[in-house]
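Open the model in your viewer and keep the selection tool at hand. The stops below follow one another, each with a selection to make and a note on what is there.

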Amino acid sequence: MTDHSERGRFIWHQLLTPNPSGARDFYTSVVGWTVEASAPDASDATFASPAGVLAGCSMASPTAVPRWIPYVTVADVDDALRSATALGAGVVVEPTDLGNGGRHAMLTDPQGATIGIYSADDFGPDRAPDPGEFSWHELATTDYRAAFDFYRDLFGWEKLAEHDMGPAGVYLIFGRGGKQLGGMFDKPDAEPAWLSYVRVADLAGSVDKIKAARGSVTSGPVEVPGGDQIAQVLDPHGAAFALHVLAADVKAACAEGAETAGAQAERDDTEQYEASSTPVWTDAPAEATPSPAPKAAKKKAATQRAATKKAAKKASTKKASTKKASTKKASTKKAAKAKAGTTPKKGKKAAAKTAKTSTGKKAAKKAAKKAAKKTTKKTTKKTTKKTAKKTAKKTARNTAKGASKESGAKKAGKKRSAKTTGRKAAKKKTAKKKAAKKVGKKAGKKKTRARAGKTRGGKSSRR
């Protein structure tokens, strides 16, 4: 059997679905896999990427939930299954021989997630996943710490990092030999299950294909720390899987698209892409940001990026305009230096002097502006005070004048009323005197008449 050093590799994936024929059509159109039917049961088939066969597709019972089951390498299936059951695992499929000489079994971990184990004489080379292959594996469970202890004992996995996702809890990165394989985290509101990620070159295009083929997107697309992009999806029959684009592929695509617009456009596109990132794991250290991709994949991506750069150098004709522009800028800078009295040999000293001079001028301008502002403030304050004093004086004068006018008017009014009263009193006295005179005259007349009557009467009696 295989050496124990080969233990713990994700080697195979099996799709259990109620519609194998429809599943084959879906995955060939979305991921680009090819399909080979397996004899004697035409419902069983295998999926293959350009690198080789990587997965199987088989009929599930009508009551079973459609799902992808990942398989991990072990030295001996029977021994591994006994160890798993001793650790609290349940048996789903007993150890079974395969036609290729291998042997497999299926189990559930102590929390209830289903996983397969596989042994063979030769597993093939342990390498980074290519596009179209499974590149990351994620366990959503009820107790990720207990789950990791189980898988560490069963497969020899290592804990590489733990990252705080805030309200979502802690995300544990595991791997083997220092290479990242996947993550584990608690998701108590869902059934424990493994989610397998397929590496693609174009995430947006793959998502569009999934929607067009009657699949659905449950999460994403989203960027995770490190620059990778992911989207979690369902096939038309409800089997969950995910799409994964490496950061190196994203950058290479940005660089390729920017080649037609020149080097400056390439830098602008990269900055815009980085500014729009939405990290999933929050508190990740800069040197150890979680990324759903093994380190070997990053090395391979770096090699591909180097090849891309070499190809870009050959396209010198496309960058001729950019070089001419940079040459013009350089000549313009030289001309500016010549005008400032410097030479190319003394460019650094002259630039330093110019920088100092310009800095001094800027400081002087700032100081002058500040002094001008202070002077303006002082002048404004003085002017305001003077204006206020003048206004107060004028107001006081006007008030005094108004008061004097009012008092004069009152006095004149009193005098006028007094004169008027005196005149009226004089008129009344005169009227009284006249009336008295009239009365006196009337009385005198009466007396005279009386006297005259008496005189007449005496005369008559005498007669």
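This is a predicted model. Begin by selecting R103, which counts as buried because its relative accessibility is 18%, under the 20% limit. Add D97 to the selection: the two side chains form a salt bridge, 2.6 Å from N to O. D97 is exposed, since its relative accessible area is 55%. The pair therefore joins a buried arginine to an exposed aspartate. In total, the structure holds 13 salt bridges.

Next, select D126 and R9. They form another salt bridge, with the closest N and O atoms 3.8 Å apart. The two residues are 117 positions apart and link distant parts of the chain: R9 sits in the segment before strand 1 (10-17), and D126 in the loop between strand 8 and strand 9 (134-141). R9 is buried, at 7% relative accessible area, while D126 is partly exposed, at 40%. Now extend the selection with E6 and R176, which are linked with R9 and D126 in a network of salt bridges.

For a salt bridge between sequence neighbours, select R152 and D153. Their closest N and O atoms are 3.7 Å apart. R152 counts as partly exposed at 37% relative accessibility, and D153 counts as partly exposed at 43%.

What is in the largest nonpolar core? Select I117, Y151, F155, W157, F174, M184 and W194, the residues with the most contacts inside this core of 27 residues. Then colour the elements that give two or more residues to the core: helix 2 (77-86), helix 3 (144-155), and strands 7 (103-108), 8 (114-119), 11 (170-176) and 12 (179-186). Helix 3 gives the largest share, 7 residues. Another core, of 26 residues, lies apart from this one; select A23, W33, F47 and V200, which are among its members.

Move to A239, in the loop between strand 15 (229-234) and strand 16 (240-245). Is A239 buried or exposed? A239 counts as buried, because its relative accessibility is 0%. Add L15 to the selection: the C-alpha atoms of A239 and L15 are 8.0 Å apart in space, although the residues are 224 apart in sequence.

Two backbone features come next. Most peptide bonds are trans, and most residues other than glycine have a negative phi. Select G220 and P221 and look at the bond that joins them: the peptide bond is cis, with omega near 0°. P221 lies in strand 14 (residues 216-223). Then select R214, in the loop between helix 4 (203-212) and strand 14. Phi of R214 is near 75°, a positive value in a residue that is not glycine. R214 counts as exposed, at 64% relative accessibility.

The last stop is on the surface. Which residues form a positive surface patch? Select R423, K424, K427, K428 and K432, which together form it. K428 lies in helix 9, which covers residues 347-462. K428 counts as exposed because its relative accessibility is 57%, over the 50% limit.

Definitions and conventions. Residues numbered from 1 in each chain as written. Predicted model: local features only at pLDDT ≥ 70, side-chain atom pairs only at ≥ 80, totals over all residues. Heavy atoms only, no water. Patch = residues over 30% accessible without salt bridge, like charges linked within 9 Å, V, L, I, M, F, W, Y side chains within 5 Å. Areas by Shrake-Rupley, 256 points an atom, 1.4 Å probe, with all protein chains shown as cover. Salt bridge = Lys/Arg side-chain N within 4 Å of Asp/Glu carboxyl O. Lys, Arg positive; Asp, Glu negative; His and termini not counted. Charge placed at Lys NZ, Arg CZ, Asp CG, Glu CD. Helix = DSSP H or I, 4+ residues; strand = E, 2+ residues; numbered from the N terminus. Buried < 20%, exposed > 50% of the residue type's maximum accessible area, 1.4 Å probe, protein only. Core = buried A, V, L, I, M, F, W, Y, C linked by side-chain atoms within 4.5 Å.
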